Amino acid sequence: MQTKQLGNSDLKITLIGFGAWAIGGAGWSFAWGSQDDQDSIAAIERAIDLGINWIDTAAVYGLGHSEEMVAQALKGKSQRPYIFTKCSQVWNEKGEVSTVLKAESIRREVEDSLRRLKIDVIDLYQIHWPNADIEEGWTTLAELQKEGKVRYIGVSNFNVEQMRRIQKIAPITSLQPPYSLLKRDIEEEILPFCQQENIGVINYSPMASGLLTGAMTKERVKNLPADDWRRRSANFQEPRLSRNLELVELLRQIGQRHGRSPGEVAIAWTLRHPAVTGAIVGGRSAAQVDGIIGAADFRLSEEELNEIETFLNQHP
């Protein structure tokens with residue numbers, strides 16, 4: 001599988017990575033509903049077997065459970081993929097999540113993540129969400145890098161102004177932003193900045209949280225579990241839902257010409273941008289991984305890109 005160098009690091013990552021958000025399971029504010037742990041392990045194993053060489057997780061996914069699932073799936077493997085995880089989202093005894101970037105908190109978080117993941121060093125450690133304390137948080141990550149707890153450091157959900165502020169402290173290896181056919185705001189300023197500064201980009205939600213997979217229907221949206229955060233998303237509600245599902249039908253038509261799924265077309269669309277190093281793609285079962293793996297070596301033609309752009313312009 002093709003790889004690209006991630007920013008200023010020596011990590012050469014496959015064009016798609018395994019996203020471990022949903023496998024955190026139920027019981028927290030941004031859950032995707034209940035999840036079978038054996039399905040999670042099977043999904044990770046399948047991703048590795050197919051050549052994916054990095055997993056992106058976070059401490060807050062399932063309030064630690066996602067990291068534990070990653071550790072279980074990798075147990076006993078002689079060669080493991082790169083492991084990327086995140087800090088700054090902490091929870092209390094009631095499961096209430098808040099953003100904290102104080103040094104003491106981050107140092108506690110990194111030890112907890114290392115313990116849950118059962119590893120000695122984290123390949124990429126990222127600030128999950130920014131707040132007013134980004135300088136203190138970034139200084140702490142830079143210290144952890146020097147101490148050998150983490151190999152490289154990056155950020156998620158930062159804007160250009162925030163990245164400029166922390167660059168004065170230490171270089172940024174990567175940015176993790178949301179990027180999909182339904183969310184393109186980073187194209188104007190953030191992606192050009194990352195190209196200019198040699199900051200790798202690993203975008204999340206390239207299939208818009210499952211909406212562009214081709215498996216989503218109005219009926220399925222209606223029956224999403226009560227604790228699935230997507231029920232609260234405007235993209236899963238009218239009037240956007242009908243328009244988004246119409247876009248999926250265009251992606252399906254394009255994909256059928258190449259034996260690809262709508263989801264693979266949506267992922268490939270994000271990978272077309274030269275600033276994007278790799279896309280984070282979630283999988284809740286081995287079958288779901290099989291359904292997206294083709295995006296890694298699929299390229300859309302200029303004509304097909306124009307087809308998609310025309311639809312988006314006609315259906316803003």
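This is a guided tour of a predicted model, moving from one selection to the next.

**The annotated region**

Begin by selecting residues 16-311, which UniProt lists, in an unreviewed entry, under "domain: NADP-dependent oxidoreductase". Over these residues the chain is 39% helix and 15% strand, and the C-alpha atoms at the two ends lie 26 Å apart.

**The aromatic rings**

Next, show the side chains of Trp21, Trp28, Phe30, Trp32, Tyr61 and Trp229, which together form one aromatic cluster. A search of the whole structure finds eight aromatic pairs. One of them is made by tryptophan 28 and tyrosine 61, whose rings are tilted, with 6.2 Å from centre to centre and 40° between the planes. This pair links distant parts of the chain, 33 residues apart, since tryptophan 28 sits in the loop between strand S3 (16-19) and helix H1 (37-49), while tyrosine 61 sits in the loop between strand S4 (54-56) and helix H2 (65-74). Tryptophan 28 counts as buried, at 9% relative accessibility, and tyrosine 61 also counts as buried, at 7%.

Keep phenylalanine 30 in view and add arginine 232, which lies over the face of the phenylalanine 30 ring, at 5.6 Å from the ring centre. For another arrangement of this kind, select arginine 272, which lies over the face of tryptophan 269 at 3.9 Å from the ring centre.

**The loop after strand S3**

Return to the loop between S3 and H1 and select isoleucine 23. This residue is buried, with a relative accessible area of 1%. Leaving out residues up to four places away in sequence, isoleucine 23 touches Phe18, Gln35, Ser40, Ile44, His65, Ser66, Met69 and Gly283. If you draw a distance from the C-alpha atom of isoleucine 23 to that of aspartate 37, 14 residues apart along the chain, the separation is 7.5 Å.

**Serine 88 and the cysteines**

Move on to serine 88, in the loop between strand S5 (82-87) and strand S6 (89-91). Serine 88 is buried, with a relative accessible area of 0%, and, setting aside neighbours within four places in sequence, its contacts are Ser98, Thr99, Val100, Leu101, Glu109, Ile127, His128 and Trp129. From here glycine 214 is 126 residues apart along the chain, and the C-alpha atoms of the two residues are separated by 33 Å.

Now select cysteine 87, which is buried at 1% relative accessibility, and then cysteine 194, which is likewise buried, with a relative accessible area of 1%. Why does cysteine 87 not bond to cysteine 194? The closest cysteine sulfur to that of cysteine 87 is the one in cysteine 194, and because these sulfurs are 18 Å apart, they are too far for a bond. The count of disulfides in the model comes to zero.

**Strand S9 and the turn that follows**

Select strand S9 (residues 150-156), where six of the seven residues are buried, so the strand is largely enclosed by the rest of the structure. Adding strand S8 (residues 122-127) brings in a parallel partner, joined to S9 by five bridges. To find one particular bridge, pick glutamine 126, whose partner in S9 is glycine 154.

Then step to asparagine 157, in the loop between S9 and helix H5 (160-167). Its phi is positive, about 65°, although the residue is not a glycine, and asparagine 157 counts as buried at 16% relative accessibility. A further positive phi, near 55°, is found at asparagine 198, which lies in the loop between helix H6 (190-197) and strand S11 (200-203). Is asparagine 198 buried or partly exposed? With a relative accessible area of 44%, asparagine 198 is partly exposed.

**Into helix H8**

For the last stop, select proline 239, in the loop between helix H7 (218-222) and H8. A cis peptide bond, with omega of about 10°, joins glutamate 238 to proline 239. Continue to asparagine 244, within helix H8 (residues 240-256), which is buried with a relative accessible area of 1%. Apart from neighbours within four places in sequence, asparagine 244 is in contact with Leu182, Leu211, Leu212 and Asn235.

Methods. Residues numbered from 1 in each chain as written. Predicted model: local features only at pLDDT ≥ 70, side-chain atom pairs only at ≥ 80, totals over all residues. Heavy atoms only, no water. Phe/Tyr/Trp six-rings, centres within 6.5 Å; stacked < 30°, edge-to-face > 60°. Helix = DSSP H or I, 4+ residues; strand = E, 2+ residues; numbered from the N terminus. Buried < 20%, exposed > 50% of the residue type's maximum accessible area, 1.4 Å probe, protein only. Lys NZ or Arg CZ within 6 Å of the ring centre and 35° of its normal. Disulfide = S-S within 2.5 Å. UniProt positions renumbered as here; feature names shortened; annotations may be inferred. Contact = heavy atoms within 4.5 Å. Pairing = 2+ DSSP bridges.
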